[in-house]
Amino acid sequence: MSGTAPEFEPETEAAIAQVRDDVAKLHGELTRNGLVVWTGGNVSGRVPGADLFVIKPSGVSYDELAPENMILCDLDGNVIPGTPGSDRSPSSDTAAHAYVYRHMPEVGGVVHTHSTFAVAWAARGEEIPCVITAMADEFGGPIPIGPFAIIGDDSIGRGIVETLTGHRSRAVLMQNHGPFTIGKNAKDAVKAAVMVEDVARSVHFAREAGPLIPIPQHAIDRLYDRYQNVYGQTGDARREGAAEQSGDASR
Ligand SMILES: O=C(CO)[C@@H](O)[C@@H](O)COP(=O)(O)O
């Protein structure tokens, strides 16, 4: 650890420790759900109450990830010196995650993978049409395509924010690249990454076998509204703030 660590308030220290733990563990979901090969994906989580987020080191095996080697960054993507993990380079997508946190204050988690079927749609630059109820539930419509953008500046982050702002979907397929997902927290963003790959696979196979049947918009609205507000348990992260996104749909 080089540099001098800033002194955080005890509540901030506790929040950082919790997010380090969550983000380290959630990378296990990427491998468990078959969303990544080698080191090709990343999870980050915002530290509640602070202008900070936690992300994994770049190119490090998922087996080695632990709370103490997660990397604490500010919202410009700078590593906080002197903190655990700060001696290593953060994920190559740190600038994109940071851009999302700066411009979407409601977002508490960001995930990127190269999951196979979602990447296949991204390679064609084709949005995934909303033709299965699980998509209407989880994403409230189609999964949009974001612009082609390469690592090196803010263009990936800008593409994510511009595509997802005002959109129900928590997933964007960056053209020729792959899915980025957002969520209320890191776990919620990981769930979106799992679900986008699942629907990408189902709709791919469906289209191979025959014409797709669209779901009427009023039915999509009802399904989305119900899933966001009724499905699951009170207190689920998804339910917080879902009302403002669900439109006028009645249950
Ligand atoms: O897509 C890319 C690089 O083009 C990255 O997301 C992927 O290789 C994962 O990189 P990190 O190990 O997070 O630096």
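This passage describes two helix pairs, one buried histidine and the surroundings of the ligand in a predicted model.

Two packed helices are described by the angle between their axes and the distance between the axes. In the pair formed by helix H2, which spans residues 94-103, and helix H5, which spans residues 155-164, the axes come within 7 Å and cross at roughly 40°. Because an angle under 35 degrees would count as roughly parallel and one of 65 to 115 as roughly perpendicular, H2 and H5 are therefore oblique to each other. The crossing of these two helices, H2 and H5, is right-handed. On the H2 side the contact is made by Ala95, Ala96, Ala98, Tyr99, Val100 and His103, which meet Ile156, Gly157, Arg158, Ile160 and Val161 on the side of H5. Sorted by character, the residues of this contact between H2 and H5 comprise eight that are nonpolar, two that are polar and one that is charged.

Helix H2 also contains His97. This residue, His97, is classed as buried because 33 other C-beta atoms lie within 10 Å, where 20 or more suffice for that class. When residues up to four places away in sequence are not counted, His97 touches Ser44, Phe53, Ile55 and Val110. For one of these partners, Val110, the separation from His97 is 13 residues in sequence, while the C-alpha to C-alpha distance between His97 and Val110 is 6.3 Å.

A second helix pair consists of helix H1, covering residues 10-32, and helix H6, covering residues 186-209, which pack at an angle of about 15° with their axes 10 Å apart. That angle makes H1 roughly parallel to H6, since the limit for this description is under 35 degrees. H1 passes H6 in a crossing that is right-handed. The residues that meet in this pair are Asp22, Val23, Leu26 and Glu29 from H1, and Ala186, Lys187 and Val190 from H6. In the contact of H1 with H6, four residues are nonpolar and three are charged, whereas no polar residue takes part.

The ligand, finally, is surrounded by Thr39, Gly40, Gly41, Asn42, Ser58, Gly59, Ser91, Ser92, Asp93, His112 and Ile151. By character, the shell around the ligand divides into nine polar residues, one nonpolar residue and one charged residue.

Notes:
Residues are numbered from 1 along each chain as its sequence is written. This is a predicted model: local features need pLDDT of at least 70, side-chain atom pairs count only at pLDDT 80 or more; totals for chains, interfaces and linings use all residues. Axes are lines fitted to C-alpha atoms, for helices over the stretch in contact, and angles run from 0 to 180 degrees between N-to-C directions. Helices (H or I, at least four residues) and strands (E, at least two) are DSSP runs, numbered from the N terminus. Angles under 35 degrees count as roughly parallel, over 145 as roughly antiparallel, 65 to 115 as roughly perpendicular and the rest as oblique. A crossing is left-handed if the near helix is turned anticlockwise from the far one by less than a right angle, and right-handed if clockwise. Two residues are in contact if their C-beta atoms, placed from the backbone, lie within 7 Å. Ala, Val, Leu, Ile, Met, Phe, Trp, Tyr, Cys and Pro count as nonpolar, Asp, Glu, Lys and Arg as charged, and the others, Gly among them, as polar. A residue is near a molecule or strand if its C-beta atom, placed from the backbone, lies within 6 Å of it. A residue is buried if 20 or more other C-beta atoms lie within 10 Å of its own, exposed if 12 or fewer, and partly exposed in between; C-beta atoms are placed from the backbone.
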